[in-house]
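Here are a few exercises to work through with the model open in your viewer. Try each one before you read the solution.

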Amino acid sequence: MDQIVVTGGTRLEGSVPVLGAKNAVLKQMVAMLLAPGSHRLTNVPGILDVELMGRVLDHIGAECKPDGHDLIVEIPDDLRPEAPLELVRQMRASIIVLGPLLARNGTASVAFPGGDDLGARPIDMHLAGLRALGAEFELEHGTVVGRAPNGLTGAEIDLEFPSVGATENILLAAVLARGETVLGNPAREPEIQDLVVQLTAMGADITGAGTSRMVIRGVGELHPVDHRVVPDRLEAGTYAIAGAISRGRVRVDHCLPDHLRMELKKLAETGCEVKRGDDWFEVEGPDRPRPIDFATLPFPGFATDMQPQMVALLAFGNGTSVVTENLYDARFRYLGELMRMGADVTTEWQHAVIRGSERLSGCPVLAPDIRAGAALVLAGLRADGYTIVSDIQHIDRGYEGFVDRLASLGAVIERRSA
Ligand code: UD1
């Protein structure tokens, strides 16, 4: 049970490189199930979620061998098409194995993921999409049991909402289905586009990734490839806000600023100086951030996974900001912890009103999820005295060496056992 102890008041200065995207690599590991043989991913972050997804793949019969920031995965001819509750509970994204397992085996049993720290999180769109391709599902004792007795056949599917997970599940089934699938209103996140790059290299026939209409023409088989994981825009954005909140100047390297256009635009509105090149950007924080309003939306809107970090910054603003959360019903849960530090916040349905304060004061807080955990550490970079963040296994799920990276920028921060 480790904790992060951060002492506020130091200006961060320097540069930090980011690794591959958590939300890409997890799905790219699953995509490998589509082709027997030896696959390799490079630029893989050393995070807990990759280890947890590795356990899911191991259960299915694959063998995952980490090699520094590479991950070699051997996929056998015969798979065990199931993901049990103890694994799915730890790694909610395991639900994505449904599509590829149905495509390869014609059957799949995956424990129903249920809710988590961000709210109820249903999977109705995943199941409706796979049903349209010919799968049948039953919920048996908490497990989703899927069968495709006649194989999968391409279909026209329109998503009510551009769900990242549903888009991936459908895509990972449709690539091996008979005929053409037209997917309307798919998610357009860069991580989906990178999954399509990997699948295309594996031999899949996909057009329209990143647009509002994707066409997937099923192929008979796919083959293993080496693939470099797209940089993590959320990790990059978190370090940008670390620099901004500390009134410092931080350059983020090995990233794609184009994937953070909205977040960088909003940071500039708070008074940050933002400079950017093709694969780096630099953010210099103002003394007091200007208040801004923003709403989270699917990409290319403001990422819900950057909302808590931005709110931490606005908590030090010189005015009142209004933030609207459109993706998750429980995403504001961390605000109670930020208020323990002295933040002046009220919430009404999916809106939070943040009246900026000149000072917050460090205290013990609990990290409720990955991004909120990171946001509380960021608030601690500027708060008076010590902020002690517990439940940091959440932070370990998504950030490699978070404490070391912030320390390398000059933060007074350490990890210690509770
Ligand atoms: C992924 C990301 C997560 C990010 C989110 C939105 C991973 C591992 N996680 O999650 O970090 O915050 O995208 O950018 O990549 N929904 C339904 N029915 C469904 C599917 C989704 O109602 O069948 C709802 C969800 O409850 C949520 C919203 O749609 O309110 C968005 O979910 P979705 O885009 O599917 O997110 P995830 O893939 O779960």
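**Exercise 1.** Find the residue in β23 that stands opposite valine 5, then place the two strands in their sheet.

*Solution.* Keep in mind that you're looking at a predicted model. Start at valine 5 and look across to β23: the residue facing it is isoleucine 388. Now widen the view to the strands themselves. β1 (residues 2–7) and β23 (residues 386–390) run antiparallel, and four bridges hold the pairing. Next, step out to the whole sheet, which is open, has four strands in the order β22-β23-β1-β24, and mixes its pairing senses. At the edges you find β22 (364–366) and β24 (412–417); each has a single partner strand, so one side of each has no neighbour in the sheet. To finish, check the turn between neighbouring strands here: it averages 25°, direction ignored.

**Exercise 2.** Which strands stand at the edges of the open sheet that has the order β4-β5-β3-β14?

*Solution.* Read the order first: four strands, β4-β5-β3-β14, with mixed pairing. The edge strands are β4 (63–67) and β14 (226–228), as each of them pairs on one side only. From one strand to the next, the twist averages 20°. Now zoom in on the β14 end. Its pairing with β3 (residues 37–42) is parallel and spans three bridges. One residue pair to click on is leucine 41, whose bridge partner in β14 is histidine 227.

**Exercise 3.** Use valine 110 to walk from β6 through β7 to β9.

*Solution.* Begin on the β6 side, where alanine 83 has valine 110 of β7 as its bridge partner. That pair belongs to a parallel match between β6 (residues 82–83) and β7 (residues 107–111), joined by two bridges. Then look from valine 110 towards β9: the bridge partner there is valine 144. This time the strands are antiparallel, with five bridges between β7 and β9 (residues 143–147).

**Exercise 4.** Work out how β13 pairs with β11 and with β12.

*Solution.* Take β11 (residues 180–184) first: it runs antiparallel to β13 (residues 213–217), and five bridges join them. Threonine 181 is a handy marker, with isoleucine 216 as its bridge partner in β13. Now turn to β12 (residues 205–207), which is also antiparallel to β13, over three bridges. Here threonine 207 stands opposite valine 215. Last, follow the chain between β12 and β13: the two form a hairpin with five residues between them, and glycine 208 in the turn has a positive phi of about 90°.

**Exercise 5.** Describe the shell around the ligand: how many residues surround the ligand, and which elements give two or more of them?

*Solution.* Count first: 17 residues surround the ligand, and the closest are Lys27, Asp124, Ser163, Asp305 and Leu327. Then sort them by class, which gives seven nonpolar, five polar and five charged residues. Now go through some polar atom pairs:

- The side chain of lysine 27 puts an N or O atom 2.7 Å from a ligand oxygen.
- The side chain of serine 163 does so at 2.6 Å, again from a ligand oxygen.
- For proline 122, a backbone N or O atom lies 3.3 Å from a ligand nitrogen.

How much of the ligand is covered? On its own the ligand has 750 Å² of accessible area, and the protein covers 84% of that. The elements giving two or more shell residues are α1 (22–31), α5 (124–132) and α6 (164–174). Of the elements, α5 makes the largest contribution, three residues. Finally, check the domains: domain 1 (2–18 + 231–417) and domain 2 (22–228) each supply at least three residues of the shell.

How values were computed: Residues numbered from 1 in each chain as written. Predicted model: local features only at pLDDT ≥ 70, side-chain atom pairs only at ≥ 80, totals over all residues. Heavy atoms only, no water. Pairing = 2+ DSSP bridges. Axes fitted to C-alpha atoms, helices over the stretch in contact; angles between N-to-C directions. Near = heavy atom within 4 Å. Polar contact = N/O pair within 3.5 Å; in protein donor to acceptor, adjacent residues only side chain to side chain. Areas by Shrake-Rupley, 256 points an atom, 1.4 Å probe, with all protein chains shown as cover. Nonpolar A, V, L, I, M, F, W, Y, C, P; charged D, E, K, R; others polar. Domains from an automatic or database assignment.
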